[in-house]
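I opened my notebook next to the viewer and jotted down what I looked up, entry by entry. Here are the pages, for anyone who wants to follow along.

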Amino acid sequence: MKPFDYRRAESPSDATDAGARIIAGGTNLLDLMKLEIERPDTLIDINRLDLKAIEETEEGGLRIGALVTNSDCAADPRIRRDYGVLARAILAGASGQLRNKATTGGNLCQRTRCGYFYDTAMPCNKRDPGSGCQAKDGFNRIHAVLGASEACIATYPGDMAVAMTALDATVEIESKGGETRIVPVADFHRLPGDTPERDNVLDPGDLITAVTLPPPPGGVHLYRKVRDRASYAFALVSVAAVVTIADGRFERVALAFGGLAHKPWRDPRVEELLTGEEPGPALFDEAAEMLLADAEGHGHNDFKIPLAWRTLRAVLTEASERGDTA
Amino acid sequence: MTNSLTMDTPAERRRLDEMHQGLVGEPLDRPDGPLKVSGRATYAHEWNLEDTAYGVLVRATIAKGKAAIANRAEIEAMDGVLTVLTDNRFLRNPAQGTAGEAPVQSGLDVEYFGQPVALVVAETFEQARHAAQAVIFDGEAEADVPFDPEAVDPEEQEDETVDQGDLDAAMREAAHSIDAVYRTAGHAAAAMEPHCSIASWDGDELTLRGSYQMLKYNVAELADALGIDEDKVRILSPFVGGGFGSKLGISPEAVSAAIAAKALGRPVVVNMARQQVFDAILRRSETRQHVRLAADEDGRLTGIGHEALVSNAPGEEFAEPVTQSTHFLYAGESRKLGLSIARIHRTPAGSVRAPGEAVGMPVLECAMDELAEAAAIDPVELRKRNIPERHPEEDIPFSSRKYVEALDEGARRFGWDKRNRHPGGLVEGEWLIGHGMAGASRVNMLNAAEARVTLSADGHATVETDMTDIGTGTYAILSQVAGEMLGLPIDKVETKLGDSSFPKGPGSGGSWGASSSGSAVFLACEEIRKAICERLDCEESDLTLKDGTATAGNRSLPLADLLGGDDLVGEGKIEPGKTGEECAQATYGAYFCEVAVNRYTGETRVRRMTGVFGAGRILNRKTATSQCLGGITWGIGMALTEELVHDPRDGHIVNRDLAEYHVPVNLDVPQIDIVLLDERDDAASPIQAKGIGELGLCGAAGAVANAIYNATGIRVRNFPITLDKLIGELPGS
């Protein structure tokens, strides 16, 4: 770990003015600093800021403060009642200890990563731009099959943001000078392109202050995470689904996918295809085919394509069965 | 007063059964448990010696060649840095178990990616780690280095070869036969506590506080590595946070800490980071196993073939003994067993959790499952039909063997008669349900052991040996044996372990610790009992010791009165003898497993498991059961998740932390039903106990794999059975 200065922010502007690396729970950042993958000169600790509340919005949604821990968020009765997909996604991630420390804003900022990114002896365009990607011709079982680039095939490892993407949540970002902007969670993370060192749209000095959920969407909420062991593993494929069925047809379908790309993946065409249609295996296969038409494996991760196909089929089957009895 | 016994004849007088305290076998708590869960047990890193400097190892980032530090002056000038050490005495890799001499010492000659080649020492850990990260190597990397064990010409291990009868002919003539190639992945021991040593010198005498399993051997290895006399080395290892084979031999951090401490004239601690443990501590070899089974119409084996390929680094003698149980578990006149070793430049391989049987038994038991299906015979019955009268290769008798009892009791408890009989045919919603079983077997070994027992004037006893407790229960069981023999309640007995200045034990490994050290304690106590008899002027057979009172004939008096202010000291020494050669000793068991496989995603969940084991006299039912639970847990890991992944270009381990190297987590492990059979093995040890530590693993993964086949109809012969190996063949593909 490189020696660094530590300061405590007493106000959001303390954090944004400094333009320094922000620390909240530190569950990912501290690991990265120990390995010197992250080497900040200064850390600004925002844990004392007043960003720990979950409040109802005028529109009927919820505003989740950036410092609400993952544990508290998943346990909130309003989240559990109205946004089940989010509670389930959070509880599918990490471990109890990590969720107690990890925050809503910090979770969004966890690095998109892979084993080669974590090994500083390896070239990695994400860690050291221009040095090359070792994963493409190396061991790439957990890597992306959608939206990858020549420069990077890493996958976004989180669960919370996948559910938030399906929920059309937005991120509230305060910038240097106090200006605030709103970015959909779906647009917060980036595809790697030729700048994989940037995981998301934050600029230096930007501070996430909250995530806002729109009014409860109703319907069936599912989060299915497929992984190599029953807990404490990243998703090979995950699906967040918020589905409403009326008169035997899909009325509203929101689907987001983890484990497939450098960011939570959402494909509106697939949702359009399903909307208004009668659930059934042929339709599910058509949806999966559309979702995965451009998917490309790199060898070890080829299986993710049929796995995503089958997982989507399972989720849509479950949603339609539950939706009919709801 | 040393009571020595060489195990040349079976111990038919079962002395422990004649005792009266009632401690042996009881499920007593481990006395070290409260210390461990409350942070009062001092682990290797926790001694906090005054003026300690911190060392961090630096790894080579080439697979083979010569390393040289390009920026030594720059590193030495960094804040807090005391020295940057390279030394020809640095270990390439840990010593193999029971080596008793230094392993390859290669200095800056690199033979695998991740080999520790330098040590940066600084005033604080943070300074040392930061400086270590800044080290830049130049030097020459060799090209065309082999990493793939299946791409090189292997060396045959001739002493492992058996070629008996004519297996080819048996296969041709068989009514039913199986001929299949299986593969198992490499494994990391994955002990919770990373390897750590604190070295401190007093003149030319070295004290090493480390986390080690076998102090007798470790002292010799460390002394040899440093070029000093063994009597100048003391190792303290009272608490070990898990070993699993990875702490059998002295490892790189110990030698580098000792060299640095000598150079700096102050204590130096070197703690390996988790990633370094993956890089530089011995792994379990991956295996390729070719199994052939030939059977007659009734499923009786006429031939058995088991030929394995494993790997290791050049110069390492250890070869994963894959076929160890295949030699004797099942009959079959024609036999062809072999072991070959590929020399490659991955992290060197060594003993990890039940070396040999852990990976050999599941494969043999999968092949037996395939044969049972081919012959349309109940898998339990198939095994029972093939249990040989005598060792099929050495023609010697078996000592106590509870295999049939384990199979029958397991089948009964599990409800084997209600199993799914149609592979792929039992569906519950999204899940395919299947049942499978496998046998367990592991060779039993006794190793030379010494112990000292002191019965103090105040009537309490102290056991001393350099034996270790790596979480297995040694502290508990040695106190139980001593308390039983001396008639003392458990709270009047203290066991002291993990100090190389104590009488030499066998170390924790090979499952021999309990029976070997337990026997040494037993023999030491016999010596004390003799002394008591002298004071009471009675025959030993007339002496009853219970609750601190000695009784002989019609006389009874408290031990404290009998001792009259004296301490009685007994020393015991056990050595293996002819009973180890004249009969085949092993432990046995059976596993029964129910799995659910998701028919969409191929995820496997183990729903329940039953394990029944016979390992001679059980010294503590609780700790023995825990050992079996742990073994089965590792078996679930081997079956479903554990796999060391090596980069094909430089051999480095890609998944070098516990987030990416998947040991089973709580949610992967269901309720497991463990049964310990009542058994005495007179040939094994004077206390009729055999080793149980590793038995729980020796076949467990086979039961899971067979259950997956039963659930899905898909036979995966490549462990671990991750979902990607199933989804291509699941229904709806």
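**Ground rules.** I call a residue buried under 20% relative accessible area, exposed over 50% and partly exposed in between, using a 1.4 Å probe and protein chains only. This is a predicted model, so I took local features at pLDDT of at least 70 and side-chain atom pairs at pLDDT 80 or more, while totals for chains, interfaces and linings use all residues. Residues are numbered from 1 along each chain as its sequence is written, chains are lettered from A and ligands numbered from 1 in the order in which they are written, and side-chain values use heavy atoms, with hydrogens and water left out.

**Entry: salt bridges within a chain.** My rule for a salt bridge is a side-chain nitrogen of Lys or Arg within 4 Å of a carboxyl oxygen of Asp or Glu. By that rule I count 94 over all chains. Side chains of opposite charge can pair when their charged atoms come close.

I began in chain B with Lys530(B), whose side chain meets that of Glu527(B) in a salt bridge at 3.5 Å, N to O. Both sit in helix H13 of chain B, 3 residues apart, about one turn of the helix. Helices (H or I, at least four residues) and strands (E, at least two) are DSSP runs, numbered from the N terminus. An α-helix has 3.6 residues a turn, so residues three or four places apart point the same way. Lys530(B) is partly exposed at 42% relative accessibility, whereas Glu527(B) is buried at 12%. I also noted a network of salt bridges that links Arg13(B), Arg15(B), Glu18(B), Glu526(B), Arg529(B) and Glu540(B).

In chain A, I found Asp41(A) and Lys2(A) paired at 2.7 Å, N to O. They link distant parts of the chain, 39 residues apart: Asp41(A) is in the loop between H2 and strand E3 (42–45), and Lys2(A) is in the segment before strand E1 (5–8). Asp41(A) is exposed at 54%, while Lys2(A) is buried at 19%.

Next I looked up Arg141(A), which forms a salt bridge with Asp228(A), their closest N and O atoms being 2.4 Å apart. This pair also links distant parts of chain A, 87 residues apart, from the loop between helix H8 (115–118) and H9 to the loop between strand E9 (220–226) and strand E10 (237–246). Both partners are buried.

**Entry: where the chains meet.** How many residues does each chain bring to the contact? With contact meaning heavy atoms within 4.5 Å, I get 42 residues from chain B and 39 residues from chain A. Together the chains bury about 3,200 Å², 54% of it on carbon and sulfur atoms. In chain B, His130(B), Tyr600(B) and Arg649(B) lose the most area to chain A, together 19% of what that side buries. Buried area here is the accessible area (1.4 Å probe) that two parts lose on being put together, summed over both.

I find 4 salt bridges across this interface. I looked up the pair Arg656(B) and Asp119(A), whose side chains meet at 3.7 Å, N to O. Helix H4 (residues 125–134) of chain B gives the most to the side touching chain A, with 4 residues. The buried residues of H4(B) are Ala128(B), Arg129(B), His130(B), Ala131(B) and Ala132(B). Their cover includes helix H2 (29–34) of chain A and, from chain B, strand E2 (53–59), helix H3 (72–76), strand E4 (81–85) and strand E6 (116–122).

**Entry: an enclosed helix.** I checked helix H9 (residues 357–375) of chain B. Its 19 residues should span 27 Å at 1.5 Å a residue (times one less than the number of residues), and the end C-alpha atoms are 25 Å apart, which agrees. Of the 19 residues, 17 are buried, so H9(B) is largely enclosed by the rest of the structure. Just after H9(B), Ala376(B) takes a positive phi of about 55°.**Entry: backbone oddities.** Most residues other than glycine have a negative phi, and most peptide bonds are trans. Ser511(B), not a glycine, has a positive phi of about 60°; this serine is in the loop between strand E22 (493–496) and helix H13 (513–536) of chain B and is buried at 14%. Asp168(A) also has a positive phi of about 60°, and is partly exposed at 40%. Finally, I noted that the peptide bond from Phe719(B) to Pro720(B) is cis, with omega near 0°.
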